[in-house]
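This report is written for a reader who has not seen the structure before. Please look over the sequence and the model first, then read on.

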Amino acid sequence: MIKNSCFALSVGWLLLFLGQAGHSSVGEVPRARPAASGVVVESEAPNNLKVVLLGTGAGPLVNLQQFGASTLIEAGSIRLLFDCGRGATTRLTQVGVPVGSINRLFLTHLHSDHVIQIPDLLLTGWAGGGRQIPLNVWGPEGTQDMMDHLQQAFAFDIHVRRDVDEKLPAMGIKVLSHDITQGVVFEEQGVKVTAFLVDHGPVKPAFGYRVDFGGHSVVLSGDTRVSENLVQFAKGVDVLVHEVVDPQVVRARSPNAEAIIAHHTTPEQAGLVFARVKPRLAVYSHAANTENIMMQTRKTYAGPLQGAEDMLTIEIGEKIDVRHFRP
Ligand SMILES: [Zn+2]
Ligand SMILES: [Zn+2]
């Protein structure tokens, strides 16, 4: 059942943060300049790839510690947003990225916890954020339909602001939708985004993404159980951001536990994936940040591992620098 595929987590499990320091790393690089506010810092290394985990929560439940699924990737002057779960626009603002500066959105799949903030990104990025060019959205089949229907749902506001009152630029509220299949879906200024199929049970198609830039790379798993295709596409990747589910927690809380667990990846399974891919750094997202998940992962994987944490910045260059958010 599709409605059961995303698991729900209790806020109570989300308080065990494993990395408390402001600045830990897997081999640190000198920071170009201090982060006066937020975490997105201009780098002196122009080929670095920067990943910001905006929201690392899992499932539809409201969660105040870990917002809905959303990841920002910055490559050169290009900003890419992957998924737009609850709070994505708030998190962008917290890390100092103007909402109106986002005009490229990639969706892993159409579960509500990955798309529910899109109306805010679309409308606020235009009406409050000054976006004057269309929002490009890439996603699985159904993406174009969803985006077309959002235009209908908000037709009144769009009409008033564009045609009657503020006379906001019409191009800024346009959407260019792309229903994608596996392969390279975006290539511009040396930034390449490749979509690959993952296995999210009955949610088909569901995609993961690989971003390559300047000789560096990151893979986002999206929602998936163990996916051989992901292992293939993740070969040689610097950072692998993977989802995980804690079966004990799900079994304690959900009557549909086995279906939910079957559509996601357990920590032991994720560890095996990490052990095969051998990224320079493995990172969890779409996951509770608990000691239990980390300990279970250690049964099968001994390499560098970072727990799920909102507004964590990972800068991938000659070294990999991990920065925790400090308001
Ligand atoms: Zn899902
Ligand atoms: Zn999900």
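## Strand β13 and its surroundings

The bridge partner of Ala 282 in strand β14 is Leu 305. From β13 the chain passes through α10 to β14, and this β-α-β crossover is right-handed. Strands β13 and β14 run parallel and are joined by two bridges. The model in which these features are found is a predicted one.

On the other side, β13 (residues 281–284) is joined by four bridges to strand β12 (residues 239–242), and these two strands also run parallel. Among the pairs across this junction, Val 241 has Val 283 as its bridge partner in β13, and His 242 has Tyr 284.

What covers the faces of β13? Leu 281 and Val 283 on one side are buried, and Ala 282 and Tyr 284 on the other side are buried too, so that both faces of the strand are covered.

## The sheet

Strands β12, β13 and β14 belong to an open sheet of seven strands with mixed pairing, in the order β8-β9-β10-β11-β12-β13-β14. The edges are held by β8 (183–188) and β14 (305–306); each has a single partner strand, so one side of each is left without a neighbour in the sheet.

The protein as a whole has ten helices and 16 strands. It consists of 327 residues, of which 48% count as buried. Among contacts between residues at least 6 apart in sequence, 67% join residues at least 24 apart.

## Helix α9

Helix α9 covers residues 267–277, and its buried residues are Pro 267, Ala 270, Gly 271, Val 273, Phe 274 and Val 277. Seen down the helix axis, these buried residues fall within an arc of 160 degrees, so they line one face of α9. They pack against α6 (228–233), β12, β13 and α10 (291–297).

After α9 comes Lys 278, in the loop between α9 and β13. Lys 278 counts as partly exposed because it has 14 C-beta neighbours inside 10 Å.

## The nonpolar core

The largest nonpolar core has 81 residues, and Val 211, Val 218 and Val 239 have the most contacts inside it. Strand β10 (residues 203–213) gives the largest share of this core, six residues.

Which residues does Val 239 touch? Leaving aside residues up to four places away in sequence, Val 239 touches Val 51, Val 218, Pro 279, Arg 280, Leu 281, Val 283, Ile 314, Ile 316 and Ile 320.

One of these, Ile 314, lies in strand β15 (residues 312–316). Ile 314 counts as buried because it has 24 C-beta neighbours inside 10 Å. With residues up to four places away in sequence again left out, Ile 314 touches Val 51, Val 239, Leu 281, Val 283, Ile 320 and Val 322. Ile 314 and Val 52 are 262 residues apart in sequence, while their C-alpha atoms are 6.3 Å apart in space.

## Phe 196 in strand β9

Phe 196 lies in strand β9 (residues 191–200). Is Phe 196 buried or exposed? It is partly exposed, because 19 other C-beta atoms lie within 10 Å, and 20 or more would be needed for a residue to count as buried.

Not counting residues up to four places away in sequence, Phe 196 touches Gln 182, Phe 207, Gly 208, Arg 210, Asn 229, Leu 230 and Phe 233. The C-alpha atoms of Phe 196 and Tyr 209 are separated by 6.1 Å, with their positions 13 residues apart along the chain.

## Backbone angles

Most residues other than glycine have a negative phi, and most peptide bonds are trans. The table lists exceptions.

| Residue or bond | Feature | Angle |
|---|---|---|
| Gln 189 | positive phi | about 50 degrees |
| Lys 278 | positive phi | about 55 degrees |
| Lys 204 and Pro 205 | cis peptide bond | omega about -10 degrees |

Gln 189 is placed in the loop between β8 and β9. Gln 189 counts as exposed because it has 9 C-beta neighbours inside 10 Å. Pro 205 is placed in strand β10, the strand that gives the largest share of the core.

Definitions and conventions. Residues numbered from 1 in each chain as written. Chains lettered and ligands numbered in written order. Predicted model: local features only at pLDDT ≥ 70, side-chain atom pairs only at ≥ 80, totals over all residues. Pairing = 2+ DSSP bridges. Buried ≥ 20, exposed ≤ 12 C-beta atoms within 10 Å, placed from the backbone. Arc of directions from axis to C-beta. Contact = placed C-beta atoms within 7 Å. Right-handed = clockwise from strand over helix to strand, strands pointing away. Core = buried A, V, L, I, M, F, W, Y, C linked by C-beta atoms within 7 Å.
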